[in-house]
Amino acid sequence: MKSRHKKLLVIVLGVAGLGIAAALILNAFQSNLVFFFSPTEVSAGKAPIDRAFRIGGLVEDGSVKRDPDGLTVRFVVTDTAKSMPVIYKGILPDLFKEGKGVVAEGKIGGDGVFAASQVLAKHDENYMPPEAAQALEQAAKAQKSLVQ
Amino acid sequence: MIPELGNFALIVALLLALTQAVLPLIGAQRGNLTLMAVARPAAQGQFVFVLIAYFCLVYAFITNDFSVENVARNSFSQLPEIYRFTATWGSHEGSFLLWVLILAFWTTAVSVFSRHLPDDMVARVLGVMGLISVGFLAFLLTTSNPFDRLLPAAADGRDMNPLLQDWGMIIHPPMLYMGYVGFAVAFAFAIAALLSGRLDAAWARWSRPWTTVAWAFLTLGIMLGSWWAYRELGWGGWWFWDPTENASFMPWIAGTALIHSLAVTEKRGAFKAWTVLLALIAFSLSLLGTFLVRSGVLSSVHAFATDPARGAFILGFLVIVIGGSLALFAWRAPKMLTGGRFNWFSREALLLANNVVLLAALGSVLLGTLYPLLIDALGMGKISVGPPYFNAVFVPLMAPALFLMGIGPLARWKEASLPDMVTRLKWALAISVATGVLLPLTLDGFNAWATFGFAMSMWIVLTVLIGFRERMKNGGRLATLPRSFWGMQLAHFGMAVGVAGITLVANYQEERDVRMNVGDHTTLAGYTFTFQGTTEHAGPNYRAARGTVEVSKDGKKLFVMHPEKRIYNASGMPMTEAAIDPNFFRDVYVALGEPLDNEARAWAVRVFHKPFINWLWFGAVFMVVGGFLAASDRRYRIAVKASAPTGAVAQGA
């Protein structure tokens with residue numbers, strides 16, 4: 001091979017490599033985006049059935065129940081308009097409390113219960129997860145427009 | 001009175017920064033030595049005044065002056081003294097003051113250790129750093145003054161976030177900022193080169209040690225942050241691909257690409273424009289990282305809107321710095337001659353490949369970090385990009401990078417021979433592949449991830465050893481090998497140690513969440529954990545339920561662990577304080593979840609067995625030591641002596 005051909009080959013290989021990398025990245029990006037839905041949107045059937053997503057809102061007062069094994073927790077997430085039962089097995093974050101904001105990631109099970117693989121809490125007591133805040137805001141707006 | 005003094009000192013510092021920025025830059029353009037000579041004293045004066053301001057803030061925190069808003073928000077009278085000191089940089093305002101202080105420190109360091117540089121270079125470098133400082137000081141004084149008073153004064157403070165009350169957090173932020181801000185030096189050198197048009201091997205030699213030192217500090221800062229998250233967040237994870245982590249990781253990737261590209265520019269005079277561009281990118285990402293983490297954008301895009309002045313200032317500043325430097329680059333870079341031809345298979349080509357891979361990795365992290373923010377800012381809904389994306393992208397991209405890491409240092413500059421490389425490396429390759437295939441079989445059955453990790457780790461270790469052996473064969477002695485060689489090899493070895501640690505902990509850790517009553521026990525990885533209940537325990541500014549967990553193996557009692565669940569007095573915020581028993585081969589990690597009955601006898605308990613997790617931090621420490629060693633190489637100091645006469649003449653003039 002002449003050196004000019006070699007150079008060309010290297011350039012072609014480089015471009016091909018970059019193309020593959022870009023394809024890999026974008027493909028992984030597409031399939032790993034996690035969308036957020038409020039309980040109202042979920043009950044309207046907007047959430048995907050077989051794909052993980054996030055829900056958020058407030059933990060409904062008096063809704064936190066533990067199974068006898070002590071580690072399975074059931075609670076209800078509400079945006080004050082609609083609510084969504086959630087089941088989670090594991091240790092809850094420090095800042096999980098009834099009446100406080102929460103965001104959970106998981107899938108809807110066959111029984112219509114949201115099976116959370118992760119319950120998220122942030123690092124500050126006064127801090128409301130932005131997703132949860134938005135869900136409450138939307139529900140409040142929707143209710144207002146219903147009244148009118 | 002003292003806070004007002006601090007405020008005044010900041011104003012003086014701003015004026016000095018303006019002087020340091022404007023006069024020397026004009027002087028350098030016009031060849032006026034008097035104006036250029038202003039740079040050094042102005043820079044050093046600025047440092048003194050920022051330091052005074054910083055001490056004033058420290059004083060306000062240590063003396064619990066709750067009439068200062070920043071202190072009232074972020075400190076507490078019961079807070080231990082050491083945390084009252086670290087609380088100075090726990091807030092938005094204080095962290096920016098620390099940023100400015102470290103910038104002034106770096107500037108002063110450049111002004112002291114630049115006797116061998118041409119005067120116009122020094123003037124331009126210090127001038128550019130002055131400009132950056134002007135931006136930050138103006139931001140502090142107009143939108144985020146740490147000395148703002150609170151009238152009437154608060155009776156007591158709201159306390160520092162309990163998560164930050166850990167000694168990992170005492171040193172993490174300053175080290176991280178030393179890295180972030182250190183890239184400002186590389187940035188200033190790059191801008192100075194663009195302005196003067198002097199971009200040669202000498203320029204690369206000047207800016208190289210600074211860049212390497214900044215990179216080493218950033219490595220240390222990221223390592224400490226990861227170590228803190230591991231110990232303090234109570235989840236046993238050491239990297240979450242959280243935007244705050246990515247914010248520090250992106251400049252690190254760019255900096256890693258930069259130090260490799262600088263090597264080519266110094267040794268071969270090639271990649272000049274590329275190196276300059278990387279220096280601009282590294283510092284731009286440092287700025288972006290600082291602002292992302294410290295402006296509240298990450299917790300919510302809307303936090304940005306709560307103080308529009310801050311948001312507008314930050315965006316404006318970013319646009320000016322990034323846009324301005326890229327425009328300058330576009331204007332001046334085409335005029336630079338590219339030098340140093342090289343073959344498609346040579347050390348240059350391999351380092352170029354390394355840079356391409358690193359930038360692809362950087363792009364993927366940038367996409368995953370900024371895209372959700374962008375979508376949110378545009379009101380197009382909320383999405384999140386989690387660890388699955390980053391893992392799916394990052395690991396495949398690291399494969400070629402780690403492989404090249406083995407070949408690059410052994411390849412000849414300009415033109416290497418492929419058959420020759422194959423002969424030199426075939427045994428290393430065979431042993432690495434064999435290790436990768438066989439080691440997982442002896443542990444837990446075949447596992448593709450583990451195979452890849454072990455093979456890469458072994459590959460790097462072997463090629464490092466080959467590098468040493470070949471040097472010795474050519475008559476080198478370990479003690480006389482240059483420090484830059486030692487530094488590079490140590491850093492690469494650290495990478496191998498880190499990769500081994502990551503592979504082992506990611507594939508072979510064991511974890512269990514379990515309900516435990518007093519006297520209950522559970523067994524994990526051969527260790528038996530017996531829960532002996534909790535007792536009340538009072539800390540300086542918190543109350544805690546303190547658990548006692550006895551750990552035994554094969555019926556033999558080994559040690560007792562005390563995980564805690566704390567409630568902080570001022571904020572009422574609960575906090576999990578994990579108990580960790582570390583050693584060279586594994587960590588045993590116990591965290592208390594929550595009480596499961598009213599008498600708080602039964603608890604949710606999380607136990608971990610984490611093999612080789614500490615190798616992660618060891619690996620990073622090797623990289624840091626390697627960085628400092630390389631930066632202290634003799635040739636950077638020889639250059640000082642060789643060109644001292646010209647410097648002296650210029651000084652006299």
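Two strands pair if DSSP finds at least two bridges between them; strands (E, at least two residues) and helices (H or I, at least four) are DSSP runs, numbered from the N terminus. The structure is a predicted model, in which local features need pLDDT of at least 70, side-chain atom pairs count only at pLDDT 80 or more, and totals for chains, interfaces and linings use all residues. Residues are numbered from 1 along each chain as its sequence is written, and chains are lettered from A and ligands numbered from 1 in the order in which they are written.

**Exercise 1.** Describe the open sheet of chain B that contains β11, and find the bridge partner of Leu592(B).

Solution.
- Step 1: the order of the four strands is β2-β11-β10-β9, and their pairing is antiparallel.
- Step 2: β2 (510–516) and β9 (579–582) each pair on one side only and are the edge strands.
- Step 3: β10 (residues 586–595) and β11 (residues 603–611) are joined by eight bridges.
- Step 4: Leu592(B) has Val605(B) in β11(B) as its bridge partner.

**Exercise 2.** Work out how strand β5 (residues 83–89) of chain A presents its side chains, and how β5(A) pairs with β4(A) and β7(A).

Solution.
- Step 1: in a regular strand, side chains alternate between the two faces of the sheet.
- Step 2: on one face of β5(A), Met84(A), Val86(A) and Tyr88(A) are buried (20 or more other C-beta atoms within 10 Å of the residue's own, with C-beta atoms placed from the backbone).
- Step 3: Ser83(A), Pro85(A), Ile87(A) and Lys89(A) point to the other face and are not buried.
- Step 4: β4 (residues 72–78) pairs with β5(A) in the antiparallel sense over seven bridges, and Val76(A) has Pro85(A) as its partner.
- Step 5: four residues lie between the two strands of this hairpin, and Thr80(A) in the turn has a positive phi of about 80°.
- Step 6: with β7 (residues 114–120) the pairing is parallel, over three bridges; Val86(A) stands opposite Phe114(A) there.

**Exercise 3.** Check the length of helix α17 (residues 448–473) of chain B against its expected span.

Solution.
- Step 1: the expected span is 1.5 Å times one less than the number of residues.
- Step 2: for the 26 residues of α17(B) this gives 38 Å.
- Step 3: the end C-alpha atoms are 37 Å apart, which agrees.
- Step 4: just after the helix, Gly475(B) takes a positive phi of about 90°.

Notes: Buried ≥ 20, exposed ≤ 12 C-beta atoms within 10 Å, placed from the backbone.
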